[in-house]
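This report describes how two helices pack and how a neighbouring loop is placed beside them. Please consult the sequence and the structure shown here while reading.

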Amino acid sequence: MVSDNGTELTSTAILRWSQDRKIDWHYITPGNPTQNAFIESFNGKLRDECLNETLFRSLGHARQVLAAWREDYNHVRPHSALGGMTPADKAARSIPQREPGHAPAPVASPAHTGHQLQSGLYC
C-alpha cells in the first residue's frame with residue numbers, strides 16, 4: 001500500500017491494521033505528491049467535482065451521490081489517458097478472449113470497496 005503522510009494514514013490504528021494483515025505500507029516523501037500521481041489526480045477530481053460540491057444530508061445520501069459520481073466516472077466520461085474511452089470500455093476491451101474448452105468467465109467478481117481493480121474501475 002502506498003499513501004501520503006496524512007494523519008488519517010499514519011495513526012497507530014492503521015499501522016496495526018496493516019501489520020495484522022501483513023500488508024506492506026509505504027509512504028511517499030512528504031511534499032512530493034508526484035510519487036503517487038495517479039491517485040492524487042483521482043482524489044483531486046473526486047474532491048473538486050463531488051465532495052466540495054455536495055452538502056451530504058445523511059450517510060445514505062452520501063452513498064447515493066458517490067455511487068452516481070462513480071458510475072459517471074467509470075461508464076460515461078471519456079478519459080484522455082485512455083484514448084477517449086471510458087474505464088469500463090477500456091476494461092471490456094482488455095479482457096482476454098477465452099478459447100473453447102476453457103472454464104467460463106466468472107459471473108461476478110468479489111467486491112473491492114475503495115480500491116482500484118486491475119481493470120481500472122473504481123469501487
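Arg77 is located in the loop between helix 3 and helix 4. The model is a predicted one. With a relative accessibility of 19%, Arg77 counts as buried, because buried means under 20% relative accessible area. Leaving out residues up to four places away in sequence, Arg77 touches Lys45, Glu49, Trp69, Asp72, Met85, Thr86 and Pro87.

The loop between helix 3 and helix 4 (87-93) also holds His79. His79 is buried, its relative accessible area being 12%. When neighbours within four places in sequence are set aside, the contacts of His79 are Tyr73, Gly84, Met85, Thr86 and Pro87.

Asp72, one of the residues touched by Arg77, lies in helix 3. At 28% relative accessibility, Asp72 is classed as partly exposed, because that class lies between the limits of 20% and 50%. Asp72 and Thr86 are 14 residues apart in sequence, and their C-alpha atoms are 9.2 Å apart in space.

The table sets out the accessibility of these three residues.

| Residue | Place | Relative accessibility | Class |
|---|---|---|---|
| Arg77 | loop between helix 3 and helix 4 | 19% | buried |
| His79 | loop between helix 3 and helix 4 | 12% | buried |
| Asp72 | helix 3 | 28% | partly exposed |

The packing of the two helices comes next. Two packed helices are described by the angle between their axes and the distance between the axes. Helix 2 (residues 37-49) and helix 3 (residues 59-76) pack at an angle of about 130°, and their axes are 12 Å apart. Helix 2 is therefore oblique to helix 3. The crossing of the two, helix 2 and helix 3, is right-handed.

Which residues of helix 2 and helix 3 meet? From helix 2 come Phe42, Lys45, Leu46 and Glu49, and from helix 3 come Leu66, Trp69 and Tyr73. By class, this contact of helix 2 with helix 3 comprises 5 nonpolar and 2 charged residues, with no polar ones. Among the residues of this contact, Lys45, Glu49 and Trp69 are also touched by Arg77, while Tyr73 is in contact with His79.

Helix 2 itself has 13 residues. From its first C-alpha to its last, helix 2 reaches 18 Å, close to the 18 Å expected at 1.5 Å a residue. The buried residues of helix 2 are Phe42, Gly44 and Leu46, and the buried residues of this helix pack against helix 3.

Conventions. Residues numbered from 1 in each chain as written. Predicted model: local features only at pLDDT ≥ 70, side-chain atom pairs only at ≥ 80, totals over all residues. Heavy atoms only, no water. Axes fitted to C-alpha atoms, helices over the stretch in contact; angles between N-to-C directions. Helix = DSSP H or I, 4+ residues; strand = E, 2+ residues; numbered from the N terminus. Parallel < 35°, antiparallel > 145°, perpendicular 65-115°, else oblique. Left-handed = near helix turned anticlockwise from the far one by under 90°. Contact = heavy atoms within 4.5 Å. Nonpolar A, V, L, I, M, F, W, Y, C, P; charged D, E, K, R; others polar. Expected span 1.5 Å × (residues − 1). Buried < 20%, exposed > 50% of the residue type's maximum accessible area, 1.4 Å probe, protein only.
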